[in-house]
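Below are my notes on the model, set out as numbered points. Please read them alongside the coordinates.

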Amino acid sequence: MTEDAGIVTKKKRAVLRTAVTKCISQLEKELQKTEPDDIAVEELLEHLEQKFECLKIVDKECEPLYSPTEIDKEIEAVEQYFDKIVTWRFRAKKQLGKNNKFKSDSDSCKTTEESKLIEPMKVKLPKLIIPKFYGEINQWLSFWNSFKTAIHDNNSLNSIDKFTYLKGLLGSSALATVEGFAITAENYAKAVEILKDRFGRKDAIINSHMQKLLSVTPLKRSDDTKVLRQFFDMCQTQIRSLESLDVSFESFSNVLCPLILNCLPSDLVLEFNKETDGSEYKLDELLKFLNKQISARERTESSISTQYILHSQKIQPSFNRFKSEKL
């Protein structure tokens, strides 16, 4: 470094030291107030830290400019400035931290109070379980709607994660359809399209529901309420599924009504015919009739069961008393 450059560096350091001293004086004055202005303290602290960084650089540049006899004195002066800066930085941060803590505590209390008000409104939802899809076409829509809501439309998951979940929820012929695909982002979209094309075709799903109804086993007894209920629920499920596919009720009513009647025991068919006016059969009337009959049987069985329990409770003490007297 030339002599002129050395002089400039020393003058630069002198200016910086003066600025640091002035900044510390202002900071000291602000902190001595009863209620220091945090914004002013924060601003002065920022200036002090910037000047401190500049001063460290200039002090480093000045080291070669001093002789061995001067170096000790200069190092001592540098340390004094550094100590002063560190001390006032600490005091400023302590002041800011004190108020931030108070604010934090206040916010914490506020949050706690708010949470107490909100807490009763929280409802713990059950864990969503998506049933596996094994390739039954009439189960595709139910599976896909659940998967789409929970995973496919979940923006927090990437395509690889979605594909991993998808493969884990497939089985049998459905899994075999996409088994050959490596789990990549590109293949996920392809796999979804293939599954939709094979299992999600509307005509195939409609045909599947109709086949389910056409393959129903005729009922032998009208007094088997449990079997009757299962039969009715199955019919309702398939019919509602057809309606959800925009198949009009009237379009399959004429086909299903005689089909369901042929599956019912003769005494139920007789009862249904008694309630009709002799005109053509209507599916909605048949379903209402079945629901009414099954509900009546369920209530009757429940009533008989209750009466039996009450009767048993009355008999048991008498039997025990008779038994003890006999002994």
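1. E30 and K33 form a salt bridge, with 3.1 Å between the closest N and O atoms. This is a predicted model, and the distance should be read as a property of that model. The two partners fall in separate burial classes: E30 is buried because its relative accessibility of 10% is under the 20% cut-off, while K33, at 43%, counts as partly exposed.

2. How many salt bridges does the count come to? The count comes to nine. One of them joins the side chains of D223 and R221, at 2.9 Å from N to O.

3. Another salt bridge pairs E298 with R229, and here the closest N and O atoms are 2.9 Å apart. This pair links distant parts of the chain, since E298 sits in helix α12 (residues 283-326) and R229 in helix α9, with their positions 69 residues apart. E298 counts as partly exposed at 32% relative accessibility. R229 has a relative accessible area of 19%, under the 20% limit, and is therefore classed as buried. Elsewhere, E49, R89 and K93 are joined into one network by salt bridges that share partners.

4. On the overall fold: the protein chain has 12 helices and zero strands. Read from the N terminus, the order of elements is α-α-α-α-α-α-α-α-α-α-α-α. Of the 327 residues in the protein chain, 31% are buried. Among contacts with a separation of 6 or more, 67% are between residues 24 or more positions apart. The chain exposes about 22,200 Å², and carbon and sulfur atoms supply 54% of that area.

5. Is N138 buried or exposed? N138 is buried, because its relative accessible area of 13% is under 20%. N138 is found in the loop between α3 (68-118) and α4 (140-152). Leaving out residues up to four places away in sequence, N138 touches S208, H209, K212 and Q238.

6. Two of the contacts of N138, K212 and Q238, can be followed further. Q238 lies in helix α9 and is buried, with a relative accessibility of 6%. With the neighbours up to four places away in sequence again left out, Q238 touches N138, H209, K212 and L213. N138 and Q238 thus touch each other, and H209 and K212 appear in the contact lists of both.

7. K212 is placed in helix α8 (residues 202-214). Its burial class is partly exposed, as K212 has a relative accessible area of 37%. Apart from residues up to four places away in sequence, K212 touches N138, M234 and Q238. For K212 and M234, which are 22 residues apart along the chain, the C-alpha atoms are separated by 8.9 Å.

8. Anyone checking internal voids will find one cavity of 30 Å³ or more. About 40 Å³ of space lies in this largest cavity. Its lining consists of L213, V216, F231, C235, L256, L259, I260 and C263. The elements that give two or more residues to that lining are α9 (225-244) and α10 (249-263), and α10 gives the most, with four residues. L213, one of the lining residues, is also among the residues that Q238 touches.

9. What is the chemical character of the lining of the largest cavity? The lining residues divide into eight nonpolar, no polar and no charged. Two cysteines are listed in it, C235 and C263, and both belong to the nonpolar group in this classification.

10. A backbone point to check is S172, which has a positive phi of about 50° although it is not a glycine. Most residues other than glycine have a negative phi. S172 is placed in helix α6 (residues 172-178). S172 is exposed, because its relative accessible area of 54% is over the 50% cut-off.

Definitions and conventions
Residues numbered from 1 in each chain as written. Predicted model: local features only at pLDDT ≥ 70, side-chain atom pairs only at ≥ 80, totals over all residues. Heavy atoms only, no water. Buried < 20%, exposed > 50% of the residue type's maximum accessible area, 1.4 Å probe, protein only. Contact = heavy atoms within 4.5 Å. 1 Å grid on protein atoms, 1.4 Å probe; cavity = no way out; pocket = protein on both sides within 12 Å on 5 of 7 lines; lining within 4 Å. Points joined across faces, edges and corners; volume = space filled by probe spheres on them. Salt bridge = Lys/Arg side-chain N within 4 Å of Asp/Glu carboxyl O. Areas by Shrake-Rupley, 256 points an atom, 1.4 Å probe, with all protein chains shown as cover.
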